[in-house]
Amino acid sequence: MSQQFDVLVIGAGPGGYIAAIRAAQLGFKVACIERWRNPKGDRVLGGTCLNVGCIPSKALLASSEHFESVQSHLGVHGISVKSASIDVSKMLGRKDQIVGKMTKGIEYLFKKNKITWLKGHGKFVGRQADRFAVDVFENGPEDGDAKDRVEASKVIIATGSKARHLAGIQVDQEYICDNEGALQFETVPKRLGIIGSGVIGLELGSVWRRLGAEVTILEALPDFLAAADQAVAKEAWKLFTKQGLSIQLGAKVDSVAIEGKGKAKQVVMHYSDPKGEAKTLEVDRLIVSVGRQPLTEGLGLESVGIETDQRGFIPVDAHCATSVEGIYAIGDVVRGPMLAHKAEDEGVMVAEIMAGQKPHIDYQCIPWVIYTSPEIAWVGRTEQELQKEGRAFKTGQFPFAANGRALGMDAADGFVKMICDKDTDEILGVHIVAAAASDLIAEAALAMEFKASAEDVAWVCHPH
């Protein structure tokens with residue numbers, strides 16, 4: 001006999017667990033399927049973000065920033081430290097404790113809201129009248145027989161994404177890693193190579209550079225941080241290279257191999273520079289960070305009439321509804337930025353739509369953050385996007401070198417840039433490079449959500 005639910009959520013990452021909790025708060029009988037296992041083999045909630053993404057990376061970023069501060073930045077304050085060392089295993093242990101606390105917290109919220117957690121892999125097996133049938137496998141459809149079957153009138157697909165790998169490069173999570181392996185280095189590599197200068201590559205590269213690694217980043221594109229405003233990308237390039245990150249643009253990787261034995265084992269990369277000249281890079285560890293791809297394999301989407309697009313994403317409308325009535329998809333498996341907070345917003349929106357409410361999301365008001373040092377954050381449109389559209393705009397920019405608080409913190413690098421409509425003064429985009437950009441961008445997102453003008457923000461009395 002199948003278990004019956006009002007709402008079934010497949011996936012318990014930021015989008016899925018938020019959707020499940022909100023649906024339960026609205027009175028639905030909810031179940032959530034999640035298969036993730038931690039390194040000990042225990043089933044845990046939270047998906048990539050909590051287990052091998054946002055949360056653990058922020059823990060390591062904080063630890064590495066403290067270490068670099070002791071090493072290099074306290075002298076200006078008159079503080080002298082004779083020596084400092086890093087206990088990598090203790091640093092990793094702290095990260096794991098934080099992850100465990102967060103995942104247990106979600107498990108508590110599931111129990112509090114009477115959400116049934118179905119541990120395993122979910123696969124659609126068809127539709128019966130007005131309900132969708134989903135089989136639950138211990139590991140996946142390759143198990144053969146399902147251990148359970150559930151039915152629900154509404155289903156939310158929130159299966160997230162996985163690291164994109166490159167053809168011909170075998171990721172072993174020891175010498176050649178993606179984001180998961182890069183969070184588990186037992187020692188600081190002397191030489192670290194990174195393929196890709198996106199968010200993950202920059203953040204993890206920053207962590208290990210601060211701890212003493214020589215970091216070389218190979219980026220295939222000719223432009224650095226192409227998604228960011230050009231002024232921000234130019235400033236970030238200047239600051240990161242000054243810190244010691246070696247970033248090579250237009251680098252085409254031809255081959256990657258692990259050579260040597262024992263302690264002499266290393267990763268050897270052959271690549272071509274923008275002029276086509278052959279180059280070789282030898283490193284102790286390599287991180288492959290070339291983006292992520294939607295995780296939709298083994299979901300049985302064809303059994304309910306859903307087709308993915310050429311890139312594997314599930315097509316949805318503005319309210320995350322798929323082509324099949326009653327099935328929604330959110331987060332990394334649909335269009336838009338692969339951001340945890342975007343998935344959370346979509347999870348709340350879908351749950352409330354199911355309850356007959358009329359929420360909406362303005363995707364232009366979803367902020368981006370890169371947690372490097374200094375941080376990079378933006379919300380809204382970039383100058384190059386507006387130029388391409390032919391829209392009339394005006395810009396204003398202010399350096400933190402002229403800000404008293406920034407000078408007092410010894411964090412005067414960077415600036416704030418605001419872009420507004422030339423005629424209406426509506427804020428169209430805000431771009432920040434600063435030590436606390438992730439905090440400051442929230443005010444800009446709030447202002448844009450309420451369609452504020454630059455003058456509106458200027459009239460607000462800010463603390464000094």
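**Stop 1: R43 and its partners**

R43, the starting point of this tour, is buried, with a relative accessible area of 12%. The model on display is a predicted one. Select R43 together with E138: their side chains meet in a salt bridge, 3.0 Å from N to O. This pair links distant parts of the chain, as R43 sits in the loop between β2 (30-34) and α2 (47-52), while E138 sits in the loop between β5 (131-137) and β6 (148-157), 95 residues apart from R43. E138 counts as partly exposed, at 32% relative accessibility.

**Stop 2: the helix pair α1 and α8**

Next, select residues 14-25 and 340-354, which are helices α1 and α8. Their axes come within 7 Å and cross at roughly 30°. Because angles under 35 degrees count as roughly parallel, α1 is described as roughly parallel to α8. The crossing of these two helices is right-handed.

To display the contact, show P14, G15, Y17, I18, A19, R22 and A23 on the α1 side. On the α8 side, the contact is made by A340, A343, E344, G347, V348, A351 and E352.

**Stop 3: the parallel sheet**

Move now to an open sheet of 5 strands with parallel pairing, in the order β8-β15-β9-β10-β11. Its edge strands are β8 (176-177) and β11 (246-249), each of which pairs on one side only.

Within this sheet, select residues 191-195 and 285-288. These are β9 and β15, paired in the parallel sense over 4 bridges. Which residue of β15 is the bridge partner of I194? The partner is I287.

**Stop 4: the antiparallel sheet**

Another open sheet of 5 strands has antiparallel pairing and the order β18-β19-β22-β21-β20. At its edges are β18 (368-370) and β20 (393-399), and each pairs on one side only. From one strand to the next, the twist averages 10°.

Select β21 (residues 415-421) and β22 (residues 427-434), which pair in the antiparallel sense over 6 bridges. Two positions help to follow the register of this pair. F415 stands opposite V433 in β22, and the bridge partner of I419 in β22 is G429. The two strands form a hairpin with 5 residues between them. In the turn, D425 has a positive phi of about 70°.

On to β20: this strand pairs with β21 in the antiparallel sense over 7 bridges. Here F398 has V416 of β21 as its bridge partner.

Is β21 largely enclosed or open to its surroundings? Of its 7 residues, 5 are buried, so β21 is largely enclosed by the rest of the structure.

**Stop 5: a salt bridge at β21**

Keep β21 in view and add the side chains of R391 and D421. They meet in a salt bridge, 3.1 Å from N to O. R391 belongs to the loop between α9 (383-389) and β20, whereas D421 belongs to strand β21. The two are 30 residues apart, and the pair links distant parts of the chain. R391 counts as partly exposed, at 33% relative accessibility, and D421 counts as buried, at 9%.

**Stop 6: helices on the antiparallel sheet**

Select residues 230-243, helix α7. This helix lies across β19 (375-380), β20, β21 and β22, and runs at about 5° to β22. Then select residues 437-449, helix α11, which packs on the sheet and touches β18, β19 and β22. The direction of α11 makes about 5° with that of β19.

Return to α7 and show E235 and K238. These side chains form a salt bridge, with the closest N and O atoms 3.3 Å apart. Both residues lie in α7, 3 residues apart, about one turn of the helix. E235 is buried, with a relative accessible area of 15%; K238 counts as partly exposed, at 47%.

**Last selection: salt bridges across the structure**

How many salt bridges does a search of the whole structure find? The search finds 25. Side chains of opposite charge can pair when their charged atoms come close. The R391 and D421 bridge links distant parts of the chain. To close the tour, select R37, R43, E138 and K147, which are joined into one network by salt bridges that share partners.

Terms used
Residues numbered from 1 in each chain as written. Predicted model: local features only at pLDDT ≥ 70, side-chain atom pairs only at ≥ 80, totals over all residues. Heavy atoms only, no water. Pairing = 2+ DSSP bridges. Axes fitted to C-alpha atoms, helices over the stretch in contact; angles between N-to-C directions. Contact = heavy atoms within 4.5 Å. Salt bridge = Lys/Arg side-chain N within 4 Å of Asp/Glu carboxyl O. Buried < 20%, exposed > 50% of the residue type's maximum accessible area, 1.4 Å probe, protein only. Parallel < 35°, antiparallel > 145°, perpendicular 65-115°, else oblique. Left-handed = near helix turned anticlockwise from the far one by under 90°.
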